Amino acid sequence: VKSHWTGARILDELEDRGYEGGRTVLMDYLRRVRPKPAAQAEARFYVKPGQQAQIDWADMGPVPVDGVMTKVYVFVAILSWSRTLFVRFTTDMQLLTWLDCHRRAFEYFGGVTREVLIDNLKTGVDSRAGGTVRWNSKYQELAVALGFTPLAHFPKRPKTKGRVERIVSYTRSRFFVGRDVINLDRLNDDAIEWLAKRANRRVHRVTAQRPCDRLTTERASLMPLVAFDVMLEENRVADAYALVSCDGVRYSVPPRYARQAVVMQRRPDGVTFVVDGAVLVRHAWAKPGVRLVQLPEHLPPKPRPRHERFVSLGDRVAESFGELGRRYVDAVERRAPHAPLAILREVCEREAEFGRPIVAAVIENLLHFKVIKRGTLSRLCYRFGTLPKLDMTVPSRLPDITVERRDLALYDGPAA
């Protein structure tokens, strides 16, 4: 009973020795006789103003964002001394979002703390062996630029940053649950308003003061925030359609850079494509559910069927039908570049069959409804036109036929 065996393990051992009693009886007995672990006091960790900020992520679950079910996460940061809170909702926890949320949190606080305590997530910690931490290169670059020292608590020790752990459930229950999410920008605007009116104006249970009042004192101890371009750079190759894939979305570049190497610069507000230091194009991030972002000027030019046979047939149609024919030829060249000769030959053939008035009426209707397709003109002519003209010419005189004359007496004899 005094060992570390569980009740289920003790039951197994007793059954092997002939125990025939029930499980409940055994568990009730163990609760009475097994010594209860002594409660141990925990030391509270105190910090000075401007010394430390604690940061964490939380999963808020899937919600409809812009009409698309999207998984939403919340970035939570808290100043350990003043207990001032900052939250920002995102649709991912990737490195670029992680760095941008740091910058936004320090902007909200009005400065940078000397230490930042985080979890052992991959966007902050590449690996660790005991107390030796190998930081993510981009996160370390941010820390050096802003001047703070990153700290990562030991695995399975969430109480090390207990201030921010408690704030995650507070944000979920007091702000997020039951709220209609129209879009992410609106949600973050509402979150900033909630911080100013509720979260940072409440009287904190431990400090017995409002975080907004203590922030006024702590700001004097924060380091000034310097400008930092949050940007990740990657080398990519545009495909045959002058599109570059990024996070499952294809973004367009000018068509002359198809199948060529480009540099993709990812920033919080969008993606930029650069070649030899020159900016090709900037795109805002695609909305949820969108898989293709392509500018009209980046569409490849359509082939223009301007050759001698097309010009010859076009002039022939324009000569037969006048201005109507010229408009039809222009429409064929603009809307049907892959079969222009067949469509124009169809006009000439149907004119020979049905006559000019019927074909002109059909062409006028096709232009009105913007239908330029091979075979459509023929079908309409056969459906609404008269019967095709047939060559029914009668020769001027009947041909002469020579018939052999035979003696009919040949047939009077008996049959053989």
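**Exercise 1. Determine whether F354 is buried or exposed, and describe its ring pair with Y382.**

Solution. F354 has a relative accessible area of 5%. Buried means under 20% relative accessible area, exposed over 50%, and partly exposed in between (1.4 Å probe, protein chains only). F354 is therefore buried. Y382, at 45%, is partly exposed.

The model is a predicted one, in which local features need pLDDT of at least 70 and side-chain atom pairs count only at pLDDT 80 or more, while totals for chains, interfaces and linings use all residues. Residues are numbered from 1 along each chain as its sequence is written, and side-chain values use heavy atoms, leaving out hydrogens and water.

Rings of Phe, Tyr and Trp (its six-membered ring) pair if their centres lie within 6.5 Å; planes under 30 degrees apart are stacked, over 60 edge-to-face, and the rest tilted. F354 and Y382 form an edge-to-face pair, with 5.1 Å between centres and 80 degrees between planes. F354 belongs to helix α9 (residues 340-354) and Y382 to helix α11 (residues 376-384), so the pair ties together parts 28 residues apart in sequence. Helices (H or I, at least four residues) and strands (E, at least two) are DSSP runs, numbered from the N terminus.

**Exercise 2. State which residues carry a charge over the rings of Y170 and W81.**

Solution. A charge sits over a ring if NZ of Lys or CZ of Arg is within 6 Å of the ring centre and within 35 degrees of the ring normal. For Y170, the residue is R202, whose charged end sits 4.6 Å from the ring centre. For W81, it is R214, at 3.9 Å from the ring centre.
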